[in-house]
Amino acid sequence: MNGPRIGDASVVAAVRDSAAIEAAVRESVSLVCDPEYPEVTIAELGILEQVLFSDDGSTVRIELVPTMLGCPALDLIARDVTAVARSACAGVDVAIEVEFVADPAWTPDRIAPSAVGLLAREYSIAVRSTRTEATCPICGNEALEHRSDFGPTPCRSVEWCPKCRNPVEVVGRADLPLRKVSA
C-alpha cells in the first residue's frame, strides 16, 4: 500500500496543523466586533456558530448565525470575518468560506450575559430572552410597556418605561415565553 498511513508522522503533523489553524481562526474570528456595537464581539452576540477545517485541508469554513436574515450589516461582518481569518491563516494555503446559516436560528438567548450588561450600560438597550424579561436599562424597572414592533433597526422593538419615562429599545420579541430556569 502506497501513501501515508494513519500514524505516519506526516499524517499526524497535518492533523495537528489543521487543529492549530482551526483553533487560531476560531480565536481570531471570535474577537471580530459587531459593526453596530463596536464593543461587543460576534462571539458575545452569539453570531459565531462554528469554524470547520475541511478534511483535505484546503478550506476553512466559518458559519455565522445572523441575528436577522435581512440584517444590513451581514456583508460587513462577512468581510471582517474573512479578513481576520485570512490573517490567522497567514502562510497557509487555504480558502476561507464564510456562510450565514439559518439553522440554528439566532435568538437573544445566544447573547452572553456580559454583552447584555454592556448593551444596557453603553447603549441603553434591553434584552428580552426566554431566560430574562427586558428591564429598563436606565432605572431597572421591569414593567415596560410595549410601543412598537419596529425600532431603529429591524432586530429591535420599542418599549416605554413608565417609571423613568424613557423609550427603551429592546432586542428580542415581546411574545417570547419566559422560561423559569431552576438553579
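Q: In which element is the place of S114?
A: S114 sits in helix 3. The model shown here is predicted.

Q: Why is S114 called partly exposed?
A: The relative accessible area of S114 is 46%. Partly exposed runs between the buried limit, under 20%, and the exposed limit, over 50%. The value for S114 falls between these limits, so S114 is partly exposed.

Q: How far apart are the C-alpha atoms of S114 and L45?
A: They are separated by 9.8 Å. Along the chain, S114 and L45 are 69 residues apart.

Q: What makes Y123 count as partly exposed?
A: Y123 has 26% relative accessibility. Buried would need a value under 20%, and exposed one over 50%. Y123 meets neither limit, so it counts as partly exposed. Its place is in helix 3.

Q: Which residues is Y123 in contact with, leaving aside its neighbours within four places in sequence?
A: They are E36, Y37, P38, E39 and L118. Contact here means heavy atoms within 4.5 Å. For Y37, the C-alpha atom is 8.3 Å from that of Y123, across 86 residues of sequence.

Q: Where is S124 found?
A: S124 is in the loop between helix 3 and strand 4.

Q: What is notable about phi of S124?
A: Phi of S124 is near 55°, a positive value, and the residue is not a glycine. Most residues other than glycine have a negative phi.

Q: Why is S124 partly exposed?
A: The relative accessible area of S124 is 32%. That is between the 20% and 50% limits, so partly exposed is the class for S124.

Q: Which other residue has a positive phi although it is not a glycine?
A: R165 does, with a phi of about 60°. R165 lies in the loop between strand 6 (156-161) and strand 7 (166-171).

Q: Why does R165 count as exposed?
A: R165 has 58% relative accessibility. Exposed means over 50%, so R165 passes the limit.

Q: What is the form of the peptide bond from D103 to P104?
A: This bond is cis, with omega near 10°. Most peptide bonds are trans. P104 is found in the loop between strand 3 (95-100) and helix 3.

Q: Why does A20 count as partly exposed?
A: A20 reaches 45% relative accessibility. The exposed class starts over 50% and the buried class ends under 20%, so A20 falls in between. A20 is part of helix 1. Its C-alpha atom is 10.0 Å from that of C89, a residue 69 positions away in sequence.

Q: How many residues does the largest nonpolar core have?
A: This core has 34 residues. Those with the most contacts inside it are V25, V29, I42, V60, I62, L64 and V81. Helix 1 (9-29), strand 1 (48-53), strand 2 (59-64), helix 2 (74-88), helix 3 (113-123) and strand 4 (125-127) each give at least two residues to this core. Helix 2 gives the largest share, 4 residues.

Q: What makes it a nonpolar core?
A: Its members are buried nonpolar residues joined through side-chain atoms within 4.5 Å. Buried means a relative accessible area under 20%.

Q: Which residues is V81 in contact with, leaving aside its neighbours within four places in sequence?
A: V81 is in contact with V29, V32, I42, I62, L64 and V98. Apart from the largest core lies another core, of 7 residues, including A134, L144, V168 and V170.

Q: How many cavities of 30 Å³ or more does the count come to?
A: The count comes to 1. The largest cavity has a volume of about 160 Å³. A cavity is space where a 1.4 Å probe fits but cannot get out.

Q: Which of the residues lining the largest cavity lie nearest its centre?
A: D34, E36, Y37, L45 and T67 do, out of 17 lining residues. By class, the lining has 14 nonpolar, 1 polar and 2 charged residues.

Q: How many helices and strands does the protein have?
A: It has 3 helices and 7 strands. From the N terminus on, they run α-β-β-α-β-α-β-β-β-β.

Q: What percentage of the 183 residues count as buried?
A: The share is 33%. The accessible surface of the protein is about 10,500 Å², and carbon and sulfur atoms hold 53% of this surface.

How values were computed. Residues numbered from 1 in each chain as written. Predicted model: local features only at pLDDT ≥ 70, side-chain atom pairs only at ≥ 80, totals over all residues. Heavy atoms only, no water. 1 Å grid on protein atoms, 1.4 Å probe; cavity = no way out; pocket = protein on both sides within 12 Å on 5 of 7 lines; lining within 4 Å. Points joined across faces, edges and corners; volume = space filled by probe spheres on them. Nonpolar A, V, L, I, M, F, W, Y, C, P; charged D, E, K, R; others polar. Buried < 20%, exposed > 50% of the residue type's maximum accessible area, 1.4 Å probe, protein only. Areas by Shrake-Rupley, 256 points an atom, 1.4 Å probe, with all protein chains shown as cover.
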